[in-house]
Amino acid sequence: MFKIKRQDLREKSYAEAMHYMDNAKETLRKAGKDDNFYSSKKYVRSACGIAYCGVLIALDAYLELKGVEMPKKKRRSISFYTQNIAQLDKKLLQYLDSVYDTLHLSGYYDGNRSARVIAAGFDHAYQIINKIKPIAT
């Protein structure tokens with residue numbers, strides 16, 4: 001992949017993933033907080049789903065930048081991501097496992113309202129997204 005095209009992919013994907021994260025944070029604010037728990041399960045679930053989508057955008061770009069052949073179908077399984085990332089970056093795989101468990105399963109599906117759990121998921125999501133952060137030129 002040409003250097004300019006790679007930089008374009010980084011910039012566009014990073015901007016889109018960060019846009020998702022900004023939307024997720026805004027949605028999470030609507031959940032309201034009482035001590036260490038969010039008040040609204042509905043907004044927590046929404047925010048976690050939005051953040052997880054941002055992570056998937058970053059992972060797609062990361063894998064493409066690493067030369068992984070992407071399947072034609074748009075919806076990829078978690079096993080596709082874990083198998084490919086396990087071969088490339090063990091630390092990134094740990095973040096992915098955490099984000100999948102925390103944001104996708106616990107936050108989105110189960111509606112876990114623990115502010116600490118959700119914050120950890122968001123922190124790890126940013127770690128993944130920063131893997132494609134554009135290089136300053």
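These are my notebook entries on three helices and one buried residue of a predicted model.

**Entry on α5.** I started with helix α5, which covers residues 115-129, and found that its 15 residues reach 21 Å from the first C-alpha to the last, close to the 21 Å expected at 1.5 Å a residue. I then listed its buried residues, which are A115, I118, G121, F122, A125, Y126, I128 and I129. Looking down the axis of α5, I see these buried residues fall within an arc of 155°, so they line one face of the helix. As a reminder to myself, an α-helix has 3.6 residues a turn, so residues three or four places apart point the same way.

**Entry on α3.** I turned next to helix α3, residues 78-88, where F80, Y81, N84 and I85 are buried. Seen down the axis of α3, the buried residues fall within an arc of 105°, so here too they line one face of the helix. On the other side of α3 I noted Q83 and Q87, which are exposed. I also looked up what the buried residues of α3 pack against, and found α2 (41-65) and α4 (90-109).

**Entry on L28.** Is L28, a residue of helix α1 (residues 3-30), buried or exposed? I find a relative accessible area of 9% for L28, and because the cut-off for buried is under 20%, L28 counts as buried. Leaving aside neighbours within four places in sequence, I list Y38, V44, A47, I118 and F122 as the contacts of L28; of these, I118 and F122 appear among the buried residues of α5. I also noted that the C-alpha atoms of L28 and S40, 12 residues apart along the chain, are separated by 9.0 Å.

Notes
Residues numbered from 1 in each chain as written. Predicted model: local features only at pLDDT ≥ 70, side-chain atom pairs only at ≥ 80, totals over all residues. Heavy atoms only, no water. Helix = DSSP H or I, 4+ residues; strand = E, 2+ residues; numbered from the N terminus. Expected span 1.5 Å × (residues − 1). Buried < 20%, exposed > 50% of the residue type's maximum accessible area, 1.4 Å probe, protein only. Arc of directions from axis to C-beta. Contact = heavy atoms within 4.5 Å.
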